[in-house]
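Visitor: Got a few minutes to walk me through this one? I'd like to hop around a bit.
Guide: Sure, let's put it on the screen and start wherever you like.

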Amino acid sequence: MKAPHHVPHLVCLALLLSVSPGSSQEGRPAAGGRPNVLLIIADDLNRSLPCYGQTLVRTPNVDRLAARAVRFDRAYCQYPVCSPSRVSFLSGRRPEQTRMFGNEEASRTPSLKDAVFLPEYFRQKGYFTARVGKVFHIGRDVPECWDVTEEGTPDGKVIYQPQEPDKLGLRESIAQEGRLDGDTGEGGHWYRLASAEEKLIDPTTARRVSELVEQGTGSGKPFFIACGFRRPHLPWMAPEEFFAPYAPETLPLPVRGDVPRPVGPVQGKSPAASDDSRRAALRAYFACISFMDKQLGRVLDTMDRLKLWDNTVVLLLGDNGYHLGTRGGYWGKGTPYEESCGVPLLIAAPGKAKATGCKRVVEYVDFYPTLVDLCGLPARSDLEGRSLRPLLDDPAAPWEHAAFSINARNNQPYNLAVSTERFRYVEHADAKKPAELYDLQADPREWSDLAGAPEHAATLDALRRLAAEHRRKFWR
Ligand SMILES: [Ca+2]
């Protein structure tokens, strides 16, 4: 090794000027000035929000965030089920690459053995990282991503969904319960609670996230904090006050549309849920959105109190969409259609556009490169997706990209959906099932399949080629 006095003077000077103490090594505190990241995931939240036009639902805190954010009107998850969606956007790879097609496997699948997850990368680059609640799927956390990792449950233990009222000691608090009658998808069981808000998981999650945001702010490092709310995922459970604004008789019955019930992960036999039952289910889903919204408000209050908006990127998203009976009577997720793959996404970033919508088609695999870009970390070459920075600067910027979403059967990709600004193309691995084409502008519920319409033959052909290109690249 050369002695320092043998190094040319110019190089020494350059080194001195460009390297500040503590910033030159992996794992050391990042250089100052990097923004924080607050990633907020609401489980099974679809676009039933006032900022997306569903004005029956009350979400003052989502509204408040939307006033600071770009609202993406055409954002798509890559797989419309919890764990495959989350593992995809947290790894920056498509489900065909992660090979995560269900909720049963560990999040670091064999295909992700060498992958660096999004929060893991931020941690490596000197961020204080923490998660509370359902970020990876329940019980499928990746501990190496986090400095602090907590379930967000009142007793800190892992609690899966279906047993929640009993596991939380809430059996006595149930004022009313019900279930979507008829076998219409995932079942739709709901609980109206007489009280006990503070015994629920999401308030605990919000409180701990707020504390960790404060801790992160005082840590001397930028923070990456992920907040995973359970609601509005099933069981639809919330205190009475959140049901009260939604009188059943004021809720419009979901129109089923003259289309076959789509094939989701849960197979139904009879679409014949009663009107009362469907109204009760809709009410419970809306109540759970409002309940989640209140918890979101606690986190946003902390952002206000600590004056963090000027140096924090905030994302709010649903991990997948949710059908509410408007496609052939189906309630649930997992299908290749708009209400299942289309998701709400708000991004509030310092110095970027706010209180506006963006009609460009974006994908959840875009999160990873976007956050790396906005936070000034070294770009990675092993990621899918692209930085959304141009759209955060100008939501109307040119953007010629489609979104690809899949589901799988027997551990192999099955449906492939391609979304463009105007159309959705759906293909089935089963060659006997013809491809479908929908005009989302004229027919947002996708009730009218245009695949056989001569005037759309060129569109169908173009989308078929896009799908084939995608399959060639990613399906095996
Ligand atoms: Ca979900």
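Visitor: Which residue in strand 16 stands opposite asparagine 415?
Guide: That's histidine 428. Just keep in mind that this is a predicted model.

Visitor: Okay. How many bridges pair strand 15 with strand 16?
Guide: There are 5, and the pairing is antiparallel. The two strands are joined by a hairpin, with 3 residues making the connection.

Visitor: What sheet do those strands belong to, and in what order do its strands come?
Guide: They sit in an open sheet of 4 strands, ordered 14-15-16-17, with antiparallel pairing. Strand 14 (403-409) and strand 17 (436-439) are the edge strands, each pairing on one side only. On average, neighbouring strands here are turned by 20° against each other, ignoring direction.

Visitor: And strand 17, how many bridges tie it to strand 16?
Guide: 4 bridges, again in the antiparallel sense. Valine 426 faces glutamate 436 in strand 17, and tyrosine 425 has leucine 437 as its bridge partner.

Visitor: Which helix packs on that sheet?
Guide: Helix 13, residues 457-474. It touches strand 14, strand 15 (412-419), strand 16 and strand 17, and its direction makes about 135° with that of strand 15.

Visitor: Switching topic: what's the order of the 8-strand sheet?
Guide: It runs 4-3-7-1-9-12-2-13; this sheet is open too, with mixed pairing.

Visitor: Why do strand 4 and strand 13 have one side without a neighbour in the sheet?
Guide: Strand 4 (148-150) and strand 13 (356-363) stand at the edges with a single partner strand each, so one side of each has no neighbour in the sheet. From one strand to the next, the twist averages 15°.

Visitor: Now strand 9 and strand 12: parallel or antiparallel?
Guide: Antiparallel. 4 bridges join strand 9 (residues 312-318) to strand 12 (residues 342-348). If you want a pair to click on, valine 314 stands opposite alanine 348 in strand 12.

Visitor: Which strands does helix 7 touch?
Guide: Helix 7 (residues 201-217) packs on this sheet and touches strand 1 (36-42), strand 3 (128-133), strand 4 and strand 7 (223-229). Its direction makes about 175° with that of strand 7.

Visitor: What length should helix 7 span, going by its residues?
Guide: At 1.5 Å a residue, its 17 residues should span 24 Å. The end C-alpha atoms are 24 Å apart, so the two agree.

Visitor: Which residues of helix 7 are buried?
Guide: Ile201, Asp202, Thr204, Thr205, Ala206, Arg208, Val209, Ser210, Leu212, Val213 and Gly216. 

Visitor: What covers them?
Guide: The cover includes strand 1, strand 3, strand 4, strand 7 and helix 9 (275-305).

Visitor: Anything odd in the backbone? Where are the cis peptide bonds you'd point out?
Guide: One joins arginine 231 and proline 232, with omega about 10°. Another joins leucine 234 and proline 235, with omega about -10°. Proline 232 is in the loop between strand 7 and strand 8 (236-239), and proline 235 is found in that loop as well. As background, most peptide bonds are trans, and most residues other than glycine have a negative phi.

Visitor: On phi, then: what is it for aspartate 44?
Guide: About 65°, so positive, although aspartate 44 isn't a glycine. You'll find aspartate 44 in the loop between strand 1 and helix 2 (60-66).

Visitor: Is aspartate 44 buried or exposed?
Guide: Buried, because aspartate 44 has 25 C-beta neighbours inside 10 Å, and the cut-off for buried is 20 or more.

Visitor: And asparagine 411, buried or exposed?
Guide: Exposed, with 9 other C-beta atoms within 10 Å. Its phi is near 65°, again a positive value in a residue other than glycine. Asparagine 411 lies in the loop between strand 14 and strand 15.

Visitor: Last one, zooming out. How many helices and strands does the protein have?
Guide: 13 helices and 17 strands. Of its 476 residues, 51% count as buried. The C-alpha atoms fill a box of roughly 85 × 60 × 40 Å along the principal axes.

Visitor: What radius of gyration would a compact globule with 476 residues have?
Guide: Near 23 Å, and the protein has 23 Å, which agrees. On contacts between residues at least 6 apart in sequence, 71% join residues at least 24 apart.

Definitions and conventions:
Residues numbered from 1 in each chain as written. Predicted model: local features only at pLDDT ≥ 70, side-chain atom pairs only at ≥ 80, totals over all residues. Pairing = 2+ DSSP bridges. Axes fitted to C-alpha atoms, helices over the stretch in contact; angles between N-to-C directions. Contact = placed C-beta atoms within 7 Å. Expected span 1.5 Å × (residues − 1). Buried ≥ 20, exposed ≤ 12 C-beta atoms within 10 Å, placed from the backbone. Rg over C-alpha atoms; globule rule 2.2 N^0.38 Å.
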